[in-house]
Amino acid sequence: MNAPISQRVAFGYGAALNYLLGDFERVQHFGDTTVVCWAEGGESAYSDLWVTDTNGSDKVSDRDVQSAMADLAQGKEVVWKNTVLDPNNHFYILGLSPNAARLSVRFFYQDHFGAVMENMRAHYERIRMTRPSYDSREQLYLWSLLSETVNQKNRDKKPSPQLAGDMLRAILANGRYPETLFLQTQLRIRAEHDVNRGKAAIIKAYLLKNYPQYYWIKEELDMSQTAVPYRLGRLFSLLENIQETANPGITTTIKDKYFSSACAMPATIFPLLINLAQKHLRKIKAITPGKAIYCDKQIQDILSELQDGFPTRLTIQEQGLFQIGYYHEKQARYTKKEEK
């Protein structure tokens, strides 16, 4: 008499859930969250596209997935696996996590399929970041991003279960990214003293979505951008390159020793680094004067925008801008070398 639902309904949803969970090709696991999805009408092609859009697939190219996602987001019908996908069809996504002997609903999302694809497309647009030549991934899927928050040298490389669920929910609802995503990425950067594509993409997406004032952040190097933290990141990359040019084959650079402190307290570290760079420039000048003049001019161009000198401290968000500037400058330099 006190049951919130009848026996018939309990049996019905239990049987339906077991059916969905038994479809292993369309069940996904993010941390401790098990995710199932279905479309109104039951056509499996809707679920197939969403699963592929979330995790990628060896059978379908990223470009085909992105094209289908873009068309559906614009309200166009798409043929996928011999099925016409209607962007106005209702789509449901259920996230479950274990809770003692029961199941706990982590989230339940429902919307038109076109709206789901639009939110996914917006997320992928935010994480788009210039790609190194050695990185063959066209798209950074959810697990690729989450793995950036974990020490890959640890035996257990699984990301936080709570973070995985929160991240997926933010993407589906086109909401703010969880703070823990950014903070854990910062911890890994401080520990590793480096910024790779995945970490730069996380920082870019987080700042674009959670802090609209940073709308100007682009996928690749923006030499016209005058934001001080961004320029300081570029400057650090230039100083590192000067050190490597002056000392070919060097194994430990200023990045390994000063990256974290330069990122947090520029006024304390950068005067020391610039003095060090002058010694390196004199060494370069003795071998290739033109290279030394070019490097010095690059430094002066960046310093010319720092009219108030180096800031004493950078906020955690400004440190993210510093890291993006560093990554952009570094990748632009490598791209020029490959073109030559």
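Is the crossing of H9 and H11 left-handed or right-handed? Keep that one in mind while you get your bearings; we'll come to those two helices shortly.

**The whole thing**

What you have open is a predicted model. Zoom out so that the whole protein is in view: its C-alpha atoms fill a box of roughly 85 × 40 × 35 Å along the principal axes. Switch to a cartoon, and the secondary structure comes to 13 helices and six strands. Of the 340 residues in the protein, 47% are buried. If you count contacts between residues at least 6 apart in sequence, 67% of them join residues at least 24 apart.

**Stop one: two packed helices**

Select residues 228–246, which are helix H9, and residues 266–285, which are helix H11. They pack at an angle of about 35 degrees, and their axes are 9 Å apart. Now for the opening question: the crossing is left-handed. To see who does the touching, show side chains. On the H9 side, pick out Leu-232, Leu-235, Phe-236, Leu-239, Ile-242, Gln-243, Thr-245 and Ala-246. From H11, add Pro-266, Phe-270, Leu-273, Ile-274, Ala-277, His-280, Leu-281, Lys-283 and Ile-284. Color them by type and you get 13 nonpolar residues, three polar and one charged.

**Stop two: just ahead of H9**

Step back to Asp-222, in the loop between helix H8 (197–210) and H9. Is Asp-222 buried or exposed? It counts as buried, because its relative accessibility is 10% and the cut-off for buried is under 20%. Show Ser-224 as well: the side chains of Asp-222 and Ser-224 make a polar contact at 2.7 Å.

**Stop three: the core**

Nonpolar side chains tend to be buried together in soluble globular proteins. Here the largest nonpolar core has 88 residues, and Trp-50, Ile-93 and Phe-236 touch the most other members. You have already met Phe-236, as part of the H9 contact with H11. Center on Ile-93 next. Leaving out residues up to four places away in sequence, Ile-93 touches Val-35, Val-36, Cys-37, Trp-50, Phe-107, Phe-108, Tyr-109, Val-116 and Leu-172. There is also a second, separate core of five residues, which includes Leu-17, Val-27, Val-36 and Leu-96.

**Stop four: a buried tyrosine**

Go to Tyr-141, in the loop between helix H4 (113–126) and helix H5 (142–147). What does Tyr-141 touch, not counting residues up to four places away in sequence? Select Thr-52, Asp-53, Thr-54, Asn-55, Gly-56, Asp-62 and Tyr-124 to see the answer. Tyr-141 has a relative accessible area of 10%, so this residue is buried. For a sense of distance, draw a line from its C-alpha to that of Leu-181: the two residues are 40 apart in sequence and 15 Å apart in space.

**Last stop: two asparagines**

Find Asn-82, in the loop between strand S3 (78–80) and strand S4 (83–85). Its phi is positive, about 65 degrees, although Asn-82 is not a glycine. With a relative accessibility of 80%, Asn-82 counts as exposed.

Then jump to Asn-174, in the loop between helix H6 (161–173) and helix H7 (179–192). Asn-174 also has a positive phi, near 55 degrees. How does Asn-174 count at 26% relative accessibility? As partly exposed, because 26% lies between the 20% and 50% cut-offs.

Definitions and conventions: Residues numbered from 1 in each chain as written. Predicted model: local features only at pLDDT ≥ 70, side-chain atom pairs only at ≥ 80, totals over all residues. Heavy atoms only, no water. Axes fitted to C-alpha atoms, helices over the stretch in contact; angles between N-to-C directions. Helix = DSSP H or I, 4+ residues; strand = E, 2+ residues; numbered from the N terminus. Left-handed = near helix turned anticlockwise from the far one by under 90°. Contact = heavy atoms within 4.5 Å. Nonpolar A, V, L, I, M, F, W, Y, C, P; charged D, E, K, R; others polar. Buried < 20%, exposed > 50% of the residue type's maximum accessible area, 1.4 Å probe, protein only. Polar contact = N/O pair within 3.5 Å; in protein donor to acceptor, adjacent residues only side chain to side chain. Core = buried A, V, L, I, M, F, W, Y, C linked by side-chain atoms within 4.5 Å.
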